[in-house]
Amino acid sequence: MPRLLCVVVVLMGAVGGGMEARAQAPIVIRVDEVPLTAALEEVRAQTDLDLVYAERLVEDRTASCSYTGADRGAALACVLDGTDIRAERVRRGQYVLVARPDDERNAEATPRASLKGYVLDAETGERLPGAHVYLTQLKAGATTNQDGYFVMSGLPPKDYRVRISYLGYQSKDTTLTAGAGPARISLAGTSIQSEGVVVEAGSTSVDDNERLPGMRSVALNRLDQLPSFGEPDLFRALQWTPGIRKSGVTSGGLSVRGGNPDQNLYLLDGAPVYHPWHAFSLISTFQTQTLRSTELYRGTFPVEHGGRLSAVLDAQMKDGSRRAPKAVAGLSVFSGRFRVESPLTESTSFMVSGRRSYLDKLIGRRHPVTGDSGRRDTLRTGYYFFDTSAKLTHRFGPNHRLSLSYYHGGDDLDLRLPFDLSLDFSSWLRPPDLLFEVAQNWDNRVVSAQHRYLAGDDLFLTTTGYYSGYRAQEASFVQPTTTASLTSDYRVRLSDAGVKVQADYHHSVSHEWTGGLEVSTLQFESTLNSNLQRSSGTSSRRVQDSRVAAAKVVGYLQDTWTPTPQWTVESGVRAGYFSGGDYVHLAPRLSAQHVVHPRWLVVEGSVGLHVQHLQRLRDRYSLAYDLVSSRWIPASDRVRPATGGQLGLGTYTQLRPGWSLELDAYARETRDILVPADVFQEKEGIEGPGIEIGALLGQYVTGTERAFGLEFSTRYEQGPWRARLGLSMGRTFIQAPARSGLRWRPSGLDVPVSVRSTLGWEGAHWQATVAAELRSGYPITVPEARYKLGDPTASTPTSYLYRPQVHNGRLPPYLRVDLTVGYQFQLLSADWTATVDVSNVTNRDNVLDRTYRPTETGVDVNRQRGLPILPLVELEMRL
């Protein structure tokens, strides 16, 4: 992969060299009292310069010029000589023609100016990050930062026609003046139909919006148009993007292009979130309606993001309405939620939200039971999840803004049930002799503060301080016999605190520089307190404590270079130091975008190196713990950081307004990832080797992962109809020591073919969406034979399975069709939305997993099946 990176860099350099070579062609200009427009067209034809001017400026003017040479600027100056017009260079190959004032005709060119401003939500007054600002004359654009601010520097001071657009809002065409104070442009929400997950360009032409290689913007206000398993969910919406899927159908995190879930970085207002799931990975911890913007980077991402190998999800919470109070309440099958946002003063606003599941309130948490002999007991079936979010934003002035964010969410499971969970529910109504108890809880707590400061027209500083903590507990009591029992209390804690300072300097229309420094500390703690009683008089107790700390320092620098209106190149490097093992890494990144045709075709390419110092592992030997207490293991003398190189190439086109096509190809290689040493390892006993890092690492070996694929998507929007089709074809392989030797084998997340499609309609009050998913089944290891071993003196030998090759089979294809129907109405001065989600409409019996168990006469095959048809209802009220 490093050799491949070098080849790509050389090729991109060759492209740039070719551009320069064209500019050196001989130029011959011979004009005598010809219309200036004709002379300028001759200059355009011979020099390939992009000249921007008003027609009224050059009409009724003539030019006389005799020039021979290779200097494009000199040829242009020759034509303009004596016309009282001068050319102001904006960037390489592009000039703006302006009139020369009478008192400056013999003076030097006037100073350059900046065109700047903020883009706001017209209803709430919140600033909109990621809005596109496009100068239609210069064919140059900018994107607002997280504070909704944009700037284009180095422009001649004059008026410019500007188009401002943002996902889910009506575009606005206006005129702004370079050199004036910051403009404030408000955008109104739009009801234009959209597929709702990914929108990367406007509805008119490709160059109306600036596209960022590898980035996806999520239309948060349109997630209700997709099947959402009961309520709008960000992570479920992301799965309708090609290359993104759950690592397990009913559990597990997101897998991006075949990568492991721990290779994704989740950010909430600049702070990392380490376990962003509720309900055993069924529902994300991000309350979608509390988010202001969400951006997903796949493959090669900007240098300000790092520490992971596959993807980065950067989410920003709402500041709160600055215009008037707003309130939203919703009720779904799983949970109830609310959100309130309001201004406190002219310069201060807030947002607060909450959500809680209520299943435990419906069925109860405690169930007293009484036996025939009068013995009493209390069974427990308690589970709930919750999350709360809050944000306070204060503006000290037009150039200062401070925001304080808080998030806390968690899950709590409390069970006490008979050891043998038979379908004879009458046994549940008696005090059990053999039982098990489980008390599991896990939560995330995130606090962050961000200060954004406009230090000058061209310099923007962002300072972020954060704390992120993850905590999990798995306490259990198991009594499999009347004399044996196990009591276990296993706890995991992770703390991440850091400070990050970033500067964005807009040097000119051609160059934008981004640099920053980040310092953080990490602490990992695990404790185990267990007692094993083998008989009434024999017991053993184990108390263990594992603590690890590390520090990380990262610096980065990136230049976004736009040499011509057709080319945009991002080049940068990220340098990091990790105290665990004293590792120092440089991670260069390069991406380029070329507008082949302003309407028909955009080509993008990216290449980069990434480093991950943390890997998430599970204790495969333990019986009593490893469900939610997975361990984040930092790099050290015993564990090398995982490194990966990624290469991406894509094209984007609009066949007509509302109909777009996108094609992406990728390849990546990741080294030093940790892979289970024995993928067939089952739970052996109830003691295990302990929780020390050395014991945990003994269950894993170092491996290499390779992935490559092709992704295609098309989106069509016309009137009330919207449709999308996404196709992914890719392979993911792992090379690690195994029973089958050191050979490449399919990864457990290898899915060769995946197809997703949606078809939706929206009217004045009704909306409906049909969505379908068809994909290859996950790889599985199928035994090839059964054999028996045993002592000759024993009566019956023990049966075993012979599995010489890992992932030599595959589960059946997975197919699911979902239906969403929504109705909007008004009642009691409030806006209401009622939604019905029907998952697996066809009631297909999908096989999610298979396990094999040897018997005396053969092999028992146990099939884990997916959910049957499942209708879910949600009701939401807005004030």
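User: I'd like to learn how to read a sheet. What is the strand order in the open sheet of 3 strands, and what kind of pairing does it have?

Analyst: Good place to start! Keep in mind that this is a predicted model. In general, strands of a sheet pair through backbone hydrogen bonds, either parallel or antiparallel. In the open sheet here, the order is β2-β5-β4, and the pairing is mixed. At the edges lie β2 (50-52) and β4 (85-91), each pairing on one side only. From one strand to the next, the twist averages 30°.

User: How many bridges link β4 and β5, and in which sense do they pair?

Analyst: β4 and β5 (residues 94-99) are antiparallel partners, with 6 bridges between them. You can follow one pair by eye: E88 has V96 in β5 as its bridge partner.

User: Which helix packs on that sheet, and which strands does it touch?

Analyst: Look for helix α4, residues 72-80. It touches β2, β4 and β5, and its direction makes about 155° with that of β4.

User: Now helices against helices. How are two packed helices described?

Analyst: Two packed helices are described by the angle between their axes and the distance between the axes. Here, try helix α2 (residues 36-47) with α4: the angle is about 170° and the axes are 10 Å apart. Because an angle over 145 degrees counts as roughly antiparallel, α2 is roughly antiparallel to α4.

User: Which residues meet between α2 and α4?

Analyst: From α2 come L36, A39, L40, V43 and T47, and from α4 come R72, L76, V79 and L80. Sorted by type, the residues of this contact are 7 nonpolar, 1 polar and 1 charged.

User: What joins β22 to β23, and through how many residues?

Analyst: A hairpin does, through 2 residues. Strands β22 (residues 326-332) and β23 (residues 335-345) run antiparallel and are joined by 6 bridges. Within this pairing, L331 stands opposite G336 of β23. Then follow the chain onward: a hairpin of 2 residues also connects β23 to β24. β23 and β24 (residues 348-357) pair in the antiparallel sense over 10 bridges, and E341 has M351 in β24 as its bridge partner.

User: Let's try single residues. Where is S310, and is it buried or exposed?

Analyst: S310 sits in the loop between β20 (291-298) and β21 (311-317). To judge burial, compare its relative accessible area with the cut-off: buried means under 20%. S310 has 3%, so it is buried. Setting aside residues up to four places away in sequence, S310 touches several others, including V256, Q263, Y297, F301, Q646 and R668.

User: And K172: in which strand is it found, and how exposed is it?

Analyst: K172 belongs to strand β11, residues 172-177. Its relative accessibility is 32%, so K172 counts as partly exposed.

User: What does K172 contact, and what does its side chain reach?

Analyst: Leaving out neighbours within four places in sequence, K172 is in contact with V162, R163, I164, I185, S186 and L187. The side chain of K172 reaches the backbone oxygen of S186 at 2.8 Å. As for V162, it is 10 residues away from K172 along the chain, and the C-alpha atoms of the two are separated by 8.2 Å. Try finding these residues in the structure above!

Conventions: Residues are numbered from 1 along each chain as its sequence is written. This is a predicted model: local features need pLDDT of at least 70, side-chain atom pairs count only at pLDDT 80 or more; totals for chains, interfaces and linings use all residues. Side-chain values use heavy atoms; hydrogens and water are left out. Two strands pair if DSSP finds at least two bridges between them. Helices (H or I, at least four residues) and strands (E, at least two) are DSSP runs, numbered from the N terminus. Axes are lines fitted to C-alpha atoms, for helices over the stretch in contact, and angles run from 0 to 180 degrees between N-to-C directions. Contact means heavy atoms within 4.5 Å. Angles under 35 degrees count as roughly parallel, over 145 as roughly antiparallel, 65 to 115 as roughly perpendicular and the rest as oblique. Ala, Val, Leu, Ile, Met, Phe, Trp, Tyr, Cys and Pro count as nonpolar, Asp, Glu, Lys and Arg as charged, and the others, Gly among them, as polar. Buried means under 20% relative accessible area, exposed over 50%, partly exposed in between (1.4 Å probe, protein chains only). A polar contact is a pair of N or O atoms within 3.5 Å; within protein, one must be able to donate a hydrogen and the other to accept it, and residues adjacent in sequence count only if both atoms are side-chain atoms.
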